[in-house]
Structure formats: structure tokens, C-alpha cells
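Open the model in your viewer and keep the sequence panel beside it. Each stop below says what to select and what is there.

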Amino acid sequence: MAFRRRAKSHPLFSQEFLIHNHADIGFCLVLCVLVALMFEVTAKTAFLFILPQYNISVPTADSEIVLYHYGLKDLVTILFYIFIAIILHAVVQEYALDKINRRLHLSKVKHSKFNESGQLVAFHLTSVAWCLYVIVTEGYLSNPRSLWENYPHVHLPFQVKFFYLCQLAYWLHALPELYFQKVRKEEIPRQLQYISLYLVHIAGAYLLNLTRLGLILLLLQYVAEFFFHVARLFYFTDENNEKLFNAWAVVFVISRLFTLTLSVLVIAFGLARVENQAFDPEKGNFNTLLFRMFVLLLVCFSQAWMMWRFIHFQLRRWREYRNEQSARKRAAAVAVHGKQQSKTVKRESGYHENGVVKAENGTSPRTKKLKSP
């Protein structure tokens with residue numbers, strides 16, 4: 001299964017060979033795990049890679065439900081889905097983005113940013129739909145008190161745990177993709193910033209048993225990011241198309257307000273009223289005053305940093321717009337002035353010197369003699 005067309009072959013195990021064939025190598029590893037499911041000897045090991053671990057059966061009034069908690073074996077599952085994310089990344093790049101790039105003929109800088117936004121649009125759209133489905137089916141929207149009641153939320157439904165494992169796998173896969181996609185050195189620090197922020201917040205919500213709050217905050221963040229990258233894709237296709245950036249600005253500000261409000265409501269007020277206020281890592285309980293202050297400061301700091309970046313971006317757009325408008329006015333004034341000069345030249349074929357109209361070659365125009373009848 002080849003994801004990329006190769007004009008020439010590269011030496012085996014060389015750097016170029018790894019870059020051009022990393023998706024094929026990942027696909028072979030995934031295929032080995034899937035083949036291992038067919039044999040009884042290796043099936044148990046293969047399930048460690050594919051399915052979430054640490055499941056327990058909890059009795060209910062009608063029957064039993066299966067819930068999950070986290071552990072070290074989750075790293076094996078995350079590793080498997082990192083390779084899945086690498087394969088899907090290559091599929092989107094090969095069969096969608098590369099075909100569009102051939103038609104647009106973008107520069108190298110815009111080409112790199114177009115690929116980045118294209119990948120993130122596909123990811124954010126999938127994550128928004130998946131996250132919204134989990135939130136609705138688990139009843140977190142219909143019962144907001146469930147965000148802090150019965151904390152710690154150690155036992156997770158299958159879809160909640162699987163969602164968090166896939167999210168961690170995607171953002172971890174973004175780190176080697178910086179090398180595989182040959183991202184420019186100037187772009188690497190910026191991308192490392194938001195990749196690290198996502199990993200810290202998602203892993204923090206997962207390990208500190210704040211998964212319910214984390215789901216809603218991720219939904220708000222992904223909606224805003226989806227609008228931004230869609231606007232950037234349309235901007236690269238047509239630089240005059242900037243209306244979607246205005247829609248993104250409104251969604252971004254609203255999502256920041258909802259994020260701060262919900263975080264303060266759940267952490268500062270909700271968790272503070274929970275009866276169990278002891279620090280017990282074995283039971284997954286971190287509900288102490290110091291813990292709540294740390295989490296709330298982390299959320300506020302990240303939101304303030306994003307708002308500062310947003311204001312800086314808007315000011316830069318405003319300056320570019322003003323410079324563009326002033327340049328257009330100057331060009332229009334020069335064009336009008338040039339037209340006026342051309343009209344005066346056409347109106348006067350010669351010029352005046354000492355009260356006498358002379359032709360362009362400097363001689364005085366002769367009067368035409370009239371023939372006598």
C-alpha cells in the first residue's frame with residue numbers, strides 16, 4: 001500500500017527513505033498487530049494495543065456495566081493509535097491536500113501553512129462531532145451538576161476513555177510529523193507551543209480525573225480552531241476573502257468567555273462543595289484547595305495567553321489593512337493625476353514661449369494662406 005508517488009528510490013534506512021515511507025512503515029506495523037489477533041497465542045498481546053485496558057464490572061439495578069480507569073498499559077494503546085494517526089495523516093495529505101495544492105500553485109510558506117490547516121480542519125471537524133456525541137449521550141449537558149458531583153470520576157465509560165486515548169495519540173503523533181513533513185525551522189517553535197498546550201491540558205484532565213470538564217472545554221476550543229483553519233484555507237485560495245476571519249473572531253471570544261466561566265463554576269464553586277476534600281492519589285482524589293488553585297491558574301494563564309495572541313493577530317491584520325488601503329489611495333491618486341496630465345497634453349499640441357505658440361519641434365506654426373477666388 002503506497003501513500004506517496006516516488007519519482008526515485010532512496011537508499012534503504014536512509015533519512016529520505018524514512019521520510020518518504022514513514023506511512024507505509026506504520027501501516028506494516030499496524031497490520032502485524034491485526035494479524036496477531038488471528039492466533040490464540042498472540043491475541044491477548046494484540047488486544048493490549050487495540051482496546052483500552054483496566055476494565056471493571058460495576059453492578060447496577062438492571063445489569064452490569066463495564067467501566068475503565070487509567071494505568072501504564074494505556075501507553076501501549078496510545079502507541080498503537082499514534083501509528084493509526086500517522087497513516088490517516090498521510091491519506092489526507094496524499095488524496096486531498098496534495099491534489100488541491102497542485103491547482104493552487106502556492107509558495108513554499110503558504111504551501112506549508114495550507115497543509116497544516118488542512119490537516120487540522122479534518123481533525124477538528126471529526127473531534128467536534130465525536131466530542132459532542134459523547135457529551136450528549138453521557139448526559140453532561142442535560143445535567144451540569146454531573147461535572148463536579150461524585151468527584152473523583154475515576155471510572156470512565158468506554159467512549160470517554162477511548163476518546164482521550166485517541167486525542168493523546170493524535171497530538172503525540174504531531175511531534176514526529178514535524179520531521180516527516182520537513183516543517184521549516186521558523187514554524188517549529190510556534191507549532192510546538194500549541195502541541196504542548198494540548199498535551200498538557202488533555203493529559204491533565206485525564207490524569208486528574210477531570211474528564212467531564214475536559215470534554216466540554218475541548219469542544220469549545222475545537223470549534224474555535226475549526227473556524228480559524230477554515231478561514232485560513234479560504235484566505236490561501238483567495239487573499240481578498242477575509243470575512244471568515246471575522247466569524248472566527250466572534251466564536252473565539254465567545255469560547256474564551258465560556259471556558260473561563262465554566263472553569264470557575266466547576267473548579268472554584270462545584271468542587272469546593274464536594275464533601276470529600278482529602279488528597280488521596282491512590283483513589284484518584286486531588287480535590288484540595290492547592291489543587292483547585294493550581295488548575296484554575298493554569299486554565300486562566302492559558303486563556304490569557306491565547307487572548308494576547310488573538311489581540312496581537314487582530315492588530316497585525318488591522319495594520320496590514322490600513323497599509324493596503326493607503327497604498328490603494330496613493331495608487332488611485334497617481335492614476336488620476338496621470339490622466340489629467342495626459343488630457344492637458346492632448347489639448348495643447350504645442351507650448352508657449354514669449355507669447356508665441358510653438359510646435360513640439362520648437363518652430364512657430366505658420367498661418368495657412370487662403371486662395372483667392
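At what angle do the axes of helix 5 and helix 6 cross? Select residues 158–180 for helix 5 and residues 188–207 for helix 6; the axes cross at roughly 160° and come within 10 Å. That makes helix 5 roughly antiparallel to helix 6. Angles under 35 degrees count as roughly parallel, over 145 as roughly antiparallel, 65 to 115 as roughly perpendicular and the rest as oblique. Axes are lines fitted to C-alpha atoms, for helices over the stretch in contact, and angles run from 0 to 180 degrees between N-to-C directions.

Before going on, some ground rules. This is a predicted model, in which local features need pLDDT of at least 70 and side-chain atom pairs count only at pLDDT 80 or more, while totals for chains, interfaces and linings use all residues. Residues are numbered from 1 along each chain as its sequence is written, and side-chain values use heavy atoms, with hydrogens and water left out. Helices (H or I, at least four residues) and strands (E, at least two) are DSSP runs, numbered from the N terminus.

**Stop 1: the contact of helix 5 with helix 6**

Show side chains on both helices. On helix 5, the residues in contact include L168, W171, L172 and L175. On helix 6, among those they meet are I195, Y198, L199 and I202. Contact means heavy atoms within 4.5 Å. By class, this contact of helix 5 with helix 6 has 18 nonpolar, two polar and one charged residues. Here Ala, Val, Leu, Ile, Met, Phe, Trp, Tyr, Cys and Pro count as nonpolar, Asp, Glu, Lys and Arg as charged, and the others, Gly among them, as polar. The crossing of the two helices, 5 and 6, is left-handed; that is, the near helix is turned anticlockwise from the far one by less than a right angle (clockwise would be right-handed).

Now select L199 in helix 6. Is L199 buried or exposed? L199 is buried, with a relative accessible area of 17%. Buried means under 20% relative accessible area, exposed over 50%, and partly exposed in between (1.4 Å probe, protein chains only). Leaving out residues up to four places away in sequence, L199 touches L168, W171, L172, L175 and G204. Draw a distance from the C-alpha atom of L199 to that of A169: the separation is 9.5 Å, with the two positions 30 residues apart along the chain.

**Stop 2: helix 4 beside helix 6**

Keep helix 6 and add helix 4, residues 108–138. Their axes come within 14 Å and cross at roughly 15°. Helix 4 and helix 6 are therefore roughly parallel to each other. The contact is made by E116, L120 and H124 of helix 4 with R190, Q191, Y194 and Y198 of helix 6. Three of the residues in this contact of helix 4 with helix 6 are nonpolar, two are polar and two are charged.

**Stop 3: helix 7 and helix 8**

Select residues 211–237 for helix 7 and residues 243–270 for helix 8. Their axes are 9 Å apart, at an angle of about 170°. Helix 7 and helix 8 are therefore roughly antiparallel to each other. The contact of helix 7 with helix 8 has 21 nonpolar, four polar and two charged residues.

**Stop 4: backbone details in the loops**

Most residues other than glycine have a negative phi, and most peptide bonds are trans. The next three selections depart from that.

- Y54 sits in the loop between helix 2 (40–50) and strand 1 (55–59). Its phi is near 65°, and Y54 is partly exposed at a relative accessible area of 25%.
- H105 is in the loop between helix 3 (74–104) and helix 4. H105 has a positive phi of about 55° and counts as exposed, at 67% relative accessibility.
- P152 belongs to the loop between helix 4 and helix 5. The peptide bond joining Y151 and P152 is cis, with omega about 10°.

**Stop 5: the whole chain**

Zoom out. How many helices and strands does the chain have? The secondary structure comes to nine helices and four strands. Of the 373 residues in the chain, 38% are buried.
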